[in-house]
Structure formats: structure tokens, C-alpha cells
Amino acid sequence: CAAMMQGQTSDWKIAGPCTFHRVVLKNASPHHYMKVHLELEDNSNRLSAVELKHFIIAGLKNLHGEVGAALNFDVLKYDEGSLTALLRVHSSGLVKLWSSLTLLGSYQNQSCAFRVLQVSPFLLALTGNSRELQLH
Amino acid sequence: MQDLSRCPRNLLVCERSSFQNEKNRVSAQVEQMHFNYKVSLLLPDCSSAPSHLDETLKSFNSFYLIKKLPIYKLLNENFLRSAIYNGSVYGLSHQTRIDEDNCVSLMPNGILTLSLDKDSFELLGFEGKPSRFNHRRCSRFVVTVNLTDSCMAPGRRNYLRLLEGLKSRLPLQTDFLLSHHPGGGASLHPLLSCCDWSEHQPEVKFRSLTNVSFPVPESCDPHSFLQWLGAVESGVSGENSSNSFLSSLICPEPKTQTNCALSACVSGMLLPQDIQRLIGQLRSADGTHSKHVGVGLVCDSPVSQESPGAGPVLGGADSSRFRGQPRVLGRERAWISSRRRELLQPADVPRPHLPPSLGCRRTRCLPTVMPLTHQNQEN
Amino acid sequence: MVRVKSRYLLCEVNVSESRDLLLLDDRAVAGAVRSAVARMHGDYGAALCSIRLSVKYLNVHNGMVFLRFPKSCYQLLWSALPFITNIESRGQQIPCFLNCLHVGGTIRTCQKFLIRYNTQQLQRILPKCKNAAEKDQVCQEILNCLPTRGSKPTYEGGSEFEDERE
């Protein structure tokens, strides 16, 4: 199946610009993207992007040990003001990352929680969230 | 015990063709997406929006928000006659979460869909089906009613039963988004006149970008192209060194650099007809100053239907992307992709266990019994 | 009939000083496995260890160990075994490593494998014998190894996982 996929992808690349070409990729998404929001007990406390990533890695190490801490994930974007971050993780590590985010309960002795706002195999899908549509 | 490295199923269908190609299915695909939340465009080498595009984006049909609409009013005879039997109505409950609340949708083909939790479903006492999302535990039910059907005509038995159910047994009330094509507000008047409503215009946003790297579409696989497009849309930097601690996202090679680009997006409740119009506009767009045109379509609706008759997909989102490159070397091309996303929108509170979507999707490995029986036969 | 499925790992404890082996006991080996899994796989791994992990058999003379893991997660637990570098027993740190020889679905298949393995080891020793008396002794041991009760002396591999198909 993987070989077939490869073949399709290479066909895709060599296909001319004007011919019709269709590729169906099943469960082939290499990454998953998550939009998460960190809620802290003390709102005045601010984390930098590096601190956030370190915090998440610490959580991974707690729940999944050294194997979990070695998991590769990226902080694509982080907004210090709203404590919202876009994370990218290999599809195989999604469950580990998600579960350790769920179980992260305290940051520097104050309770905290990660809210997972959106998860998608496509980064484009995280640019809009219909649940955020506010009408007055 | 579950395998920790499994992730939810996903499917990506990519099509690349010219807009002129007869196999091109852009229009057919857009038509099938009834509830669209956001359309975004990326115009490279463009510092300000071309006037015709600007006009099209700003002329998207407005939609109506009705506060606390009792759902039985959707069965109002005058409303059925003026809106549902004539033209297409798009209706969707607002600020309801498909995994927690009761959701209602009204599709242009006259199909009213109620996605209800078990208690509400039993209270309503109307025929429905278990939700197809969770196969293991049946906790939600979907009631699908075709309002244009003859047995649902006002006064008929089914009609009265549903009306009675929604009026007395399950007095469902929710904020409701409504839009009508081609009549607009006039067709919806019978409903609006008796409710607290407001009119809203889709929100248009322009954002100019500088120094954007563009991958060459021919040498880029669909996933990395989509990733790049998403990164540009969400303002993620693609300039990372390989040893960066935070992120290793980069623009796929080979790439070209442009000085400026324009990102435009419209969000709100968008009608497929408006999106068709926009695509038509892009199709005939003058390519003198825009080298690439990309249209991103994010349709994210609590009740979203793939095709008529299919049950609502929980937290479903259909997305399509169109990518055209008008008149490069005198030719026009489009790159289309569409994809379906299964439930990936969690409830507000992260659950203290692994995502449930994984549990219900374990594929069964075929037992190795087959070859053994063959051996036995040979023996 | 349904039963709870397990995997039995036949491991060999390798130590530099063979008398260190005599200090080992079941609890020490289990503790070392648990701590290695907890280090490599965190709380999740530690929780998996608490299900049905046990040391079924320990031979302090040649360092053979039977470890029982739940079948559903034995690979994850197995992956932590190479990270065991010492076992603490009776207040002493014994530097060692575990070498996994066989994975079986039942203790019986593991035992069969162990007998076969030991026979092979004896046959390897045979040419190295220095005198006839030693040779005789090894030959006698080999003959003693052969399973009685009518089962075939040469072990046919291939069906170690008796409960593989479900």
C-alpha cells in the first residue's frame, strides 16, 4: 500500500500542468496539527515559546518516559498574550502528545490546564473555526 | 490495549487540472457543501486586491441570526411555502456543539436534520436513526425529515406528529443562522417577522504579506503543499533552521521568492452560490498581475452533510482548495483538492483519557486462518 | 474457552561475576524491570507493569528468567529490557544485562525451547572438553536433557505462539 502511494505521488509530480490528475491519499497525512490554549491559575504569569515547549516536553517525559520525551513536535506559532499555540506532531505521536497535554496539571506549583481547541491533519483547517463565529 | 501510534482516519483527495478541463469538478464539489464558514484566497505578487475581486468578496449574500428560535416554527406553513418550496434555504443552529447539544440543520433540498441526544430523541417520539458516528455506543440519534415530501405537507399525519413533538414534548429552542437563495430576507419574512433577528454580512479581511516563499506545485506533494498553504494562511514562519528548538517547518524545495502577496478571506455563513461566483470570477481573472491564485475553502459546520441522505458528520468539516494559475505561458490551470475530516474537534474540556475517536476505529487484522486451512486441504 | 493471554519472555541475566547471580531473587528482577519500564515509558509504562507483570521462574545458577507480560503490551515492556544495566538485590548493585532468548505464548513452549537451547549449549561445550571423564559427563547430561513422556526429542519450531490466532 505504501509503495502504491509512493507511485501515485511520483505520478502526481510528473503530471503536466494542464492534464487532469487525481490522487486519493488514505491515512497518509504525515503530520497532525493541534491548536491548544494554556489556562493558568494566575493570569499575570507569562510563558515564552521556549518555556512552553519545555513544559510540554516535561509533561511527555512524565507520562511516556524518555521515549515520550524524544517525541518530535514543533511549536509552529505561539501567542504569548492569549497563551495559544499551534503544534505540529507526527501522526504517530499524536496520541502521546494529546494524552500528556491532558494530564499536565500544574505549572510552577500553580494549577493549569491545556484546552485542545482544534486538531486536524491539515494545517489549513486550523485557520478557521466556525465555533468562534461571534455575532452581535 | 490500544496502539499509541495510531491516529484518526483521514482522507485527502487531490485533483489537479485546468479550469477548462471537462473532468474538472470544482463546481460539483462546491455545490455539495451547503454550510461554508470561510473562504480564503492567496494572491501572489499582488499588493492590493483587484477591484473586481474586491467587489465580489464584498457582495456575498448576507445571512440572518435568529435568537432563541423555537424549532417548530420552521414547520410554519407560510414559511414552508415562501422559502422552502421556492428556492433553497440554508439553516443551521448557532453556538451548539454537536458532541454535547442538540443541533438542527436545514438544507437547500428541504431536508431538516435534528441531531439529538438520547433523552431528547425519546421525548420527541419521531422516527430516527442512531448516529453513524459512534458505532459502538449509541448515544445520539439523527432525525431526518424531508419537508418537501408529500407526507410532510402541512396537515398530514407525519407533519402534525413532528409539530406536536417539537411544540409540546420537546420544545427545542436554539439560536439559528438562516440564509435563502435567491430570495434573501424577503423569502424568510414569515419566519423573521415573529422572532428576534439580526442581519449579518460575511466579514472580509485582507492581509498583505511580504517576502513569501512559494513552492513549485509540480514538484511538491499534496500534503506538503497543503501544509505550506496553511502555514502562510495562519502566519507561521517557514524560515526555520534545521537545528531550531521550537520548529523545523520549512517551505518545500524548490521554491521561489516573491516580494509581496495578498491574503484575503471571507468568513460567516457563506452560500455555495456565492463561492461559485467567486470561482467564476477567478476563472476569468486577468492574469497580468497575479501569478498564482489560490482559493482555500474551509467549511466547518457542526452538522455538515457530504451528500443528500447521508447522516451528519460529527464536528465534520469539508474543505476544498482550489489553486489556479491563470495564464502562465498563455495557459490556465487549477489545482483542486478536497478532503473530509472526521471528528477532530474535541469538546471544550480535554477528557482525562485518550481520544475516544481512536477507540472506535480499530481495524481488525485478518486472522491467519486462511492459509492454514489450505494446507489442511492439501494434506 | 477464553483465557487471559500472556507472553512469556525467556531471558538470560548476564553478569561478569557468576557468583553475583546467587544474590538475585524474583523480587529484585521484577523491580529492575519495573524501574526500567518506568524510566523509558513513564507513568504509562509503570501503569502497564502493574497489570500482570511477574517473574515466573528464576534460576540463580545459570541466570535464566521467565518474565510474564500481558499480551496486549508486551512489546512496549520488552523494549525497556535492554535499558536494564544493574539489578539491586540485598542492598547490592549487580551490574548485568538481560538477553532475551525466546518469546512464547505459554510457559510450556518456553520450557521446550529452554531444553533445546541447553542441549545445544552442551553440544557446543562437548568439543572443548579436556578429558574423557568430562566428555562422558557432558554426554550423560545431554541424554538426561531429552524430554521423557514420549514427546519427540527434536523440537519442531513454528507453533510457539499457541494462542496466536484469535
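This report covers the fold and domains of chain C, strand and helix pairing in chain B, and some backbone outliers. The model is predicted.

**Chain C: fold and domains**

Chain C holds four helices and five strands. Along the sequence they follow the order β-α-β-β-α-β-β-α-α. Of the 166 residues in chain C, 25% are buried. Long-range contacts feature strongly in the count: among contacts in chain C with a separation of 6 or more, 68% join residues 24 or more positions apart.

The domain assignment splits chain C into domain 1, residues 1-105, and domain 2, residues 107-149. Their C-alpha centres are 26 Å apart. The two domains of chain C do touch: nine residues of domain 1 are in contact with six residues of domain 2. On the domain 1 side, the elements giving two or more residues are β1 (6-15), β3 (64-70) and β5 (92-104) of chain C. Strand β5(C) gives the largest share, three residues. By class, this side of domain 1 of chain C has five nonpolar, three polar and one charged residues.

**Chain B: strand pairing**

Strand β8 of chain B, residues 140-146, pairs with β6(B), residues 111-117. The pairing is antiparallel and runs over seven bridges. Strand β8(B) is also joined to β7(B), residues 129-130, by two bridges, again antiparallel. One residue of β8(B) appears in both pairings. V142(B) is the bridge partner of S115(B), and K129(B) also stands opposite V142(B).

**Chain B: helix packing**

Helix α3(B), residues 77-84, packs with helix α6(B), residues 185-192. Their axes lie 8 Å apart, at an angle of about 170°. The two helices, α3(B) and α6(B), are therefore roughly antiparallel, since angles over 145 degrees count as such. From α3(B), the contact uses N78(B), F79(B), S82(B) and A83(B). From α6(B), it uses S187(B), L188(B), H189(B), P190(B) and L191(B). By class, the contact of α3(B) with α6(B) has five nonpolar, four polar and no charged residues.

**Backbone outliers**

Most residues other than glycine have a negative phi, and most peptide bonds are trans. The table lists exceptions.

| Site | Feature | Value |
|---|---|---|
| H181(B) to P182(B) | cis peptide bond | omega near 0° |
| E253(B) to P254(B) | cis peptide bond | omega near -10° |
| L83(A) | positive phi, not a glycine | phi about 55° |
| R90(C) | positive phi, not a glycine | phi near 50° |

Where do these sites sit? P182(B) is in the loop between β9 (173-181) and α6 of chain B. P254(B) lies in the loop between α7 (222-233) and β12 (255-270) of chain B. L83(A) belongs to the loop between β3 (73-79) and β4 (84-90) of chain A. R90(C) is in the loop between β4 (86-89) and β5 of chain C.

Is L83(A) buried or exposed? L83(A) counts as buried because it has 20 C-beta neighbours inside 10 Å. The cut-off for a buried residue is 20 or more. Is R90(C) buried or exposed? R90(C) has 9 C-beta neighbours inside 10 Å, so it counts as exposed. The cut-off for an exposed residue is 12 or fewer.

Note on methods: Residues numbered from 1 in each chain as written. Chains lettered and ligands numbered in written order. Predicted model: local features only at pLDDT ≥ 70, side-chain atom pairs only at ≥ 80, totals over all residues. Domains from an automatic or database assignment. Contact = placed C-beta atoms within 7 Å. Nonpolar A, V, L, I, M, F, W, Y, C, P; charged D, E, K, R; others polar. Pairing = 2+ DSSP bridges. Axes fitted to C-alpha atoms, helices over the stretch in contact; angles between N-to-C directions. Parallel < 35°, antiparallel > 145°, perpendicular 65-115°, else oblique.
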